[in-house]
Amino acid sequence: MSSSAAGPSRITVIHPLVVRVTHWINAVAVFCMLFSGWAIYNASPLFPFVFPKWATLGGWLGGALAWHFAAMWLFALNGLAYALYGLFARHFAKSFLPLSPGAVWRDATAALRLRLTHRIGQYNAVQRLAYLMAFLLGILLLASGLALWKPVQLQGLANLFGGYEWARRVHFLAMSGLVGFILLHLALVILVPRTFVAMITGRARVPVDPVETRP
Amino acid sequence: MSRDPTEAKRLRDLRREIQPELVTLERRLFLRSGLSLGALSLLSGCDLSTGTNGTLIDRTLWAMSRANDRVQAWLFDPNTLAPTYPASMIDKPFRFNAYYPPDNVPEIDEATWKLDVSGLVSDKTPWTLPRLRALPQESQITRHICIEGWSQIGQWSGVPLKSFLERVGADLTAKYVGFKCADRYYGSLDMPSALHPQTVLALDFGGEALPLEYGYPLRVRVPTKLGFKSPKHIVSVFVTNDYPGGYWEDQGYNWFSGI
């Protein structure tokens, strides 16, 4: 992936303040949820492996649960603020739509042939799909997490997942999906470091007359 | 160490006597460093010996856990019943679970065992097993969910705690019902959970008198809470407005722990 440095350009706000603030709060919350969650998993592993000690938070099960049930509020309330902003300020519509399977296929094959230009400030179809999936995985994590926290009081929700034991597996699977997204996300930030700066300052130099893709 | 056999036996006995305290002390120390250790090593990756940051983090986590107690008390619906299951779904063998290995299960003498009743109750007469068995019994097949994450379905039967509290003339407007156990475990419930129709003083497990490792002769069974909220081998019930805490809760597990 290369970037278009040639041609006329201007500096513009590509990430609104609300998006930047909720992004970094979410980064902290997800970090706490993942690392404490792995420590909780280790207390009674679902699968024949455990997470290494360095990837856990809380020191022991009681500490890990205290982290998990504190950070969940940060994750949920921050996510809610982001969702409300995304819907009402039309951030979702402007950044993630339109999205069609055809566009995803076109951009995915272009990316695999290293022919997809990264144009800062505008997401290609693969990115749109990835961000949408990450958001949906967040909702799935919240819902399955609630079912695990309150399988009696919220038994209707727990039953949606097939009961307590299945909710554990859904929660784990959704976590795995989100970790996959994060790894891809971080890899791309390392490839195009300007995007990291842009998520802090919100500003980036974009071409005045953007072109769809470049050969 | 002395080679004198009587002295050696005396030391052994002494050691056995302080063992539970030692375990508790170890766990407490583990928690104090535990809550902050992971956080500090991850956030700063350096010195763990100073407690300034750790104390703030510990205090915040503790405050959040108390806030979660209130949220859970609000979420708790006294009329919502825990799901029940057919006998065919009962898990066998059922896991042993305690803060000690199975060979440390307390020895109970049925002839001298009694259940003390104290605090805000009008009748403090201790209860014997035959008297408890004479009360109306309730049976349930419910899911036991451990704080560790695993769950198993079992069958418990015994005296609904609500009818027991009514019978001893307990102040049902008090805040807490506390329990003390023969194995030095202890715990407490909020009154609404204690009065829940599925909360029982269980005498039987799987249709037979509670086996030794599952809480003989009497245990609490609260299917609306995590497993550690159901103390085994209980010897004392008390009703109080002073927060009684619990064995694990005092070390950092969330107190309400409703499910």
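Select chain A and follow its secondary structure from the N terminus: in this predicted model, the pattern is β-α-α-α-α-α-α-α-α-β. Chain A thus displays eight helices and two strands; helices (H or I, at least four residues) and strands (E, at least two) are DSSP runs, numbered from the N terminus. Residues are numbered from 1 along each chain as its sequence is written, and chains are lettered from A and ligands numbered from 1 in the order in which they are written. Local features need pLDDT of at least 70 and side-chain atom pairs count only at pLDDT 80 or more, whereas totals for chains, interfaces and linings use all residues.

Next, reduce chain A to its C-alpha trace, which spans about 60 × 35 × 35 Å along the principal axes. Of the 215 residues in chain A, 27% are buried. A residue is buried if 20 or more other C-beta atoms lie within 10 Å of its own, exposed if 12 or fewer, and partly exposed in between, with C-beta atoms placed from the backbone. Two residues are in contact if their C-beta atoms, placed from the backbone, lie within 7 Å. Among contacts in chain A between residues at least 6 apart in sequence, 67% join residues at least 24 apart.

Now colour residues 18–89 of chain A as domain 1 and residues 92–203 as domain 2; these bounds come from an automatic or database domain assignment. The centres of the two domains, taken over C-alpha atoms, are separated by 15 Å. Their contact takes ten residues from domain 1 of chain A and twelve residues from domain 2 of chain A. On the domain 1 side, α1 (17–43) and α2 (61–88) of chain A each supply at least two residues. The largest share of that side, five residues, comes from α2(A). By class, the domain 1 side has five nonpolar residues, four polar and one charged. Ala, Val, Leu, Ile, Met, Phe, Trp, Tyr, Cys and Pro count as nonpolar, Asp, Glu, Lys and Arg as charged, and the others, Gly among them, as polar.

Move to the contact between chains B and A, which takes 33 residues from chain B and 25 residues from chain A. On the chain B side, the elements giving two or more residues are α1 (5–43), α2 (52–75) and β2 (138–145) of chain B. Select α1(B) for the largest share of this side, nine residues. The chain B side comprises 17 nonpolar, 13 polar and three charged residues.

Finally, select residues 104–248 of chain B, where UniProt, in an unreviewed entry, places the feature "domain: Oxidoreductase molybdopterin-binding". UniProt positions are given in the numbering used here, feature names are shortened, and annotations may be inferred rather than shown by experiment. Over residues 104–248 of chain B, the chain is 11% helix and 35% strand, and the end C-alpha atoms are 18 Å apart.
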